[in-house]
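Here are a few notes to go with your first look at this one. Have it open beside you as you read.

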Amino acid sequence: MQIDANLMQSLIWAAMGCGFTWLMTTAGSAVVFFFRKDRAVTHRIFLGFAAGVMIAASVWSLLNPAIEQAEELGQVGWISAAGGFLLGVAFLMALDTFLPHLHMEGDDPEGVKTSWKRTTLLVSAVTLHNIPEGMSVGLLFAMAGQSSGPERTAYLGMAMALAIGMGLQNFPEGAAISLPLRREGMSRGKAFVMGSLSGIVEPIFGILVVLVSSQITPFMPWMLAFAAGAMIYVVVEELIPEAHLGEHSNIGTLGVIAGFVVMMVLDVALG
């Protein structure tokens, strides 16, 4: 009964945390109702901020706990962290290779050939990197549910910090999908709905991870590092390059720095 109670608690926490991140994606998508144009400068700031948050979250919220958890389980910390990290990179690289998608400023779709519309391909690109975000939040809430005493408080603080950080970066991310969709000719209402739906995978994968957490406890350090590797792949492959397109790319750099500092402060203060 105690195990079931802990699982239920983790599910409630994960649903609330990932629900918040999805809500922030939806709120960001609503920007399409207030802005007439998708300003390139704003777009670069949004992408840079998201990249900074994800870099800091990967280190403080995922890799550090992965190493600590591995050592508590009697494993070699750096092996779990490095191995899981590389597996996460490989997983996202595989999705990037096969899942049809289109980057915001791109003209040629990536992945397998498909008859999907350009707008669908744009949404697919954002949905792709929301998967590891949902997994990471769910993993930390699962670890909080499996722990007790001060350790539970620490993991819960880290999970809350990560959920808040992901939510903060999801707001500009929602805008970064709905505004370009509007620019592509989609109606404001439909652009808003599509932007919101791009974040629905976060609560789905967050809850799925919690449901299987009791079966993957020995591999939890690997899973945390896996989520970190997947997020860093997204940052390097997509967010930072697109944040530095065009002239005055330093605005994208400042966005990265701002996102990194905000997530670092959140994690240290709450975790």
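1. Start on the outside: Ile204, Leu208, Leu211 and Val212 form a nonpolar surface patch of about 320 Å². (A patch takes residues with over 30% relative accessible area and no salt bridge, nonpolar side chains being joined within 5 Å; a salt bridge is a Lys or Arg side-chain nitrogen within 4 Å of an Asp or Glu carboxyl oxygen; areas are Shrake-Rupley with a 1.4 Å probe.)

2. Before going on, this is a predicted model, where local features need pLDDT of at least 70, side-chain atom pairs count only at 80 or more, and totals for chains, interfaces and linings use all residues. Numbering runs from 1 along each chain as its sequence is written, and side-chain values use heavy atoms, without hydrogens or water.

3. Leu208, from the patch, sits in helix α7 (residues 201–211). Its relative accessible area is 44%, so Leu208 counts as partly exposed (from 20% to 50%; under 20% is buried, over 50% exposed).

4. Gly74 is in the loop between α2 and α3 (77–98), and is exposed because its relative accessibility is 66%. Between the C-alpha atoms of Gly74 and Pro218 there are 9.9 Å, though 144 residues separate the two along the chain.

5. Now look inside: there are two cavities of 30 Å³ or more, and the largest holds about 70 Å³. (On a 1 Å grid, a cavity is where a 1.4 Å probe fits but cannot get out; lining residues have an atom within 4 Å of a point.)

6. That largest cavity has 12 lining residues, with Leu47, His129, Glu173, Ala176 and Leu239 nearest its centre. Helices α2 (40–72), α4 (118–146), α5 (149–183) and α8 (220–243) each give two or more residues to the lining.

Note on methods
On a 1 Å grid over the protein atoms alone, a cavity is a set of points where a 1.4 Å probe fits but cannot get out, and a pocket is an open set with protein on both sides within 12 Å along at least five of seven lines; lining residues have an atom within 4 Å of a point. Grid points are joined across faces, edges and corners, and a volume is the space filled by probe spheres set on the points. Helices (H or I, at least four residues) and strands (E, at least two) are DSSP runs, numbered from the N terminus. Patches are made of residues with over 30% relative accessible area and no salt bridge: like charges are joined within 9 Å, nonpolar side chains (Val, Leu, Ile, Met, Phe, Trp, Tyr) within 5 Å. Buried means under 20% relative accessible area, exposed over 50%, partly exposed in between (1.4 Å probe, protein chains only).
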